[in-house]
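Trainee: Could you take me through the loops in this one, with a close look at the odd backbone spots, and then carry on into what is packed inside?

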Amino acid sequence: MKNSEKNLDDSKNQKQEDLKLNKSDGTNQFMTTDQGLKINNDTNSLKAGERGPSLLEDFILREKITHFDHERIPERIVHARGSAAHGYFQVYESMEKYTKAGFLQDPNVKTPVFTRFSTVAGSRGSTDLARDIRGFAVKFYTEEGNYDLVGNNVPVFFIQDAIKFPDLIHAVKPEPNNEMPQAASAHDTFWDFISLMPESMHVIMWVMSDRAIPRSLRMMEGFGVHTFRFINKKNESHFVKFHWKPKLGTHAVVWDEAQKISGKNSDFHRQDLWEAIENGNYPEWELGVQIIPEADEHKFEFDLLDPTKLIPEELVPVTIIGKMVLNRNPDNFFAETEQVAFHPGHIVPGIDFTNDPLLQGRLFSYTDTQLSRLGSTNFHEIPINRTIAPMHNNQRDGHMRQEINIGRVSYHPNSLGGGCPFQSKIDEGGFTSFNERIDAHKVRDRSESFSDHFSQATLFFNSQAQIEKNHIIKALRFELGKLETLAIKTRMLGLLSQIDKTLADKVAQGLGLKVPDTPEKPMNHGIGANADKQKYEPKKVIQSVKSSDALSMLKNKTLSNTIATRQVAFLCSEGVHQASVNAMKTALEKAGASAKVIAPHLGTIKTGEGNELTVDQSFLIASSVLFDAVYIPGGKNSGFLSSNADAIEFINEAFKHCKVIGIDEFEILNKTNIDVKSDKNAEQGIIINSKTTDKNFTNAFIDAMGHHRFWNREAEL
Ligand code: HDD
């Protein structure tokens, strides 16, 4: 039995119960055709003679090949590559004051969830480590129907109006003439579009930050992005922004590492999520909300309806209201992860939309896309999408209909069916939209309150620690450095100079260019032909919050420094001191981390004490970029490894990526880029046993790992 199954009492999880109806297990069963006919020979097709042609009559061959030929469905137009898991959500205390949503009332109720993480731009088979936003979509199977919170790991979006979404995606996807590059934004069409869309400047800061290269799907925040509404029983509305805060903290890898991981293990995130759950290390997030009274709608320097803006936590704190635990891997990737259909329009009473024009467009797009992806309006009947709430209506028929509706009535009103199914009153749980007053002209236009495209980009940049700023600059140098068209680079430098002069200068320096003295005036392309151009010119509005620690991964003190589930490589060879291996392994495991023995070959190696030590991975398979820290135990080990080029490269790479390196005997370091004589080693996360003043070497190593990376090794820009 899998760990993820052992620890989960499925009988209490209504969705798992529901899915059981469709599960199939061939153990101890005969093989049959789709029609249930027992198959006697699945190895040879029917032929006219042993060496003769195959016969058209062979219905078994035809059925098998036909099914195979149609196994693939179109991949998602965006967010094609994803990984998902089952779990539950539990509210800490009733949210009755703000919302009547049933799943947010009772702390004793565990609502089943299915959560899918994804990259945006790449195809289904692309790498996990692309520099990209990550999708963070949660389907809550509530007793009042499915509620989908379809968010991302950054709180703002590229565009303000859904009508630009196809343009954005066409620009970022591989270029249409040669289908290059895969899962990457570093190409001309993306930056051409961005350089003409100043409203994207805020999210560009996020995407160029290390948030776009997470260490793990379990170590990233999630955001609902749009402002939504909570509606309580008295029909009062509050605006709400949703946040997911990971229990393990928010962490990233470095860009050089990300690119190498893509080569070494392009399933790095998928595997990490899968293994964590299999090992019983269930990932957890807390759900936070920022709640704004209806009366405060116009109180801010930005428009709550503008999806390129966040609400600084200094203005509206995030209140933690519950937790999500993912504790079960899917049984079948296609049936669950691929066929799950999310939709921001799947809501429950107590939650409602706002007029955010991006959200409004999304409300159309998600059902529409399932029709081509899943092929039918009956996609809600697919087990993973099926609600656990009772479902009855007069929708009928269509491709692949599963439900067998009985009776002669499929219309409302009716008398022949006794008027069933009934409509519900509000106090019976019937959904009604919030009765917002709308009194307006029909216009194809945008509010002037959406015109500030730079202030929050500046706020984000200003809020970063210096090292984070450097990483943004380097990311922009990389991305823009790959462009062929000079005019796009220059336009981008002009826009960056509106965010921060030093940022623009530093990026320009890396590109061997100069920031233009008079940048091309950024135009707001959202305006109609007859609009008052002055009114729509992008502007900077003075912000009351100048810097927000919550926006920085390094400054954010609420994010955890635990080393739980971190992976440490033990570089070993013949003669390794077993007592050191054991002591460090025990200490790491106590702290929730795990150790892997890496050696020149698989099988076992003989320790200094004469025992056999089992090897987990050979140097051929392992790579420093797949680990969080490195330990080189003592004994004859150090000597042997000193002449092993793979071991030296392993240590050098860990050093370059600012990871903690622990070592019993420092001789081997003389062969690496590490300066053994430096008195800065300890403060730079190089923990040398024979040199450490701390009596307890293992503790010193584990403490250092709590810092995750030692950025003080990185050169100034
Ligand atoms: Fe979207 C998928 C998140 C804007 C149209 N989107 C999709 C997924 C996520 C998001 C996480 C993957 C769901 C899954 O795992 O199956 N999308 C967002 C966020 C947005 C956003 C946070 C802005 C705040 N999306 C957006 C717009 C449109 C779409 C403006 C179209 C007008 N998104 C889609 C889609 C997808 C999708 C084409 C592709 C596959 C799917 O829906 O089921 O309909």
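Mentor: Let's start with P421, which sits in the loop between α10 (357-373) and α11 (455-463). This is a predicted model, so treat the angles as computed ones. The peptide bond running from C420 into P421 is cis, with omega near -10°. That same loop between α10 and α11 also holds D397, a residue other than glycine whose phi is positive, near 65°. Both features are worth a second look, because most residues other than glycine have a negative phi, and most peptide bonds are trans. D397 counts as exposed because it has 10 C-beta neighbours inside 10 Å.

Now for a similar pair elsewhere in the chain. A cis bond links M180 to P181, with omega about -10°, and P181 belongs to the loop between α4 (165-172) and α5 (188-195). H79 isn't a glycine, yet its phi is positive, about 60°. You'll find H79 in the loop between α3 (59-69) and β1 (82-91). Is H79 buried or exposed? It counts as buried, because 22 C-beta neighbours lie inside 10 Å, and the cut-off for buried is 20 or more.

On to the inside. The largest nonpolar core has 116 residues, and V203, M205, L496 and V507 have the most contacts within it. Domain 1 (83-194 + 214-385) and domain 2 (449-551) both contribute residues to this core, so it lies between them. Take M205: setting aside neighbours within four places in sequence, it is in contact with A457, F460, F461 and I472. Apart from the largest core lies another one, of 45 residues, with L641, A654, I663 and F697 among them.

F697 brings us to helix α19 (residues 697-705), where it is one of the buried residues, along with T698, F701, I702, A704 and M705. Why do these end up on the same side of α19? They cover an arc of only 160° around the axis, and that puts them on one and the same side. The general background is that an α-helix has 3.6 residues a turn, so residues three or four places apart point the same way. As for what that side meets, the buried residues of α19 pack against α16 (578-590) as well as the strands β16 (629-632), β17 (660-663) and β18 (686-688).

Key
Residues numbered from 1 in each chain as written. Predicted model: local features only at pLDDT ≥ 70, side-chain atom pairs only at ≥ 80, totals over all residues. Buried ≥ 20, exposed ≤ 12 C-beta atoms within 10 Å, placed from the backbone. Helix = DSSP H or I, 4+ residues; strand = E, 2+ residues; numbered from the N terminus. Arc of directions from axis to C-beta. Contact = placed C-beta atoms within 7 Å. Core = buried A, V, L, I, M, F, W, Y, C linked by C-beta atoms within 7 Å. Domains from an automatic or database assignment.
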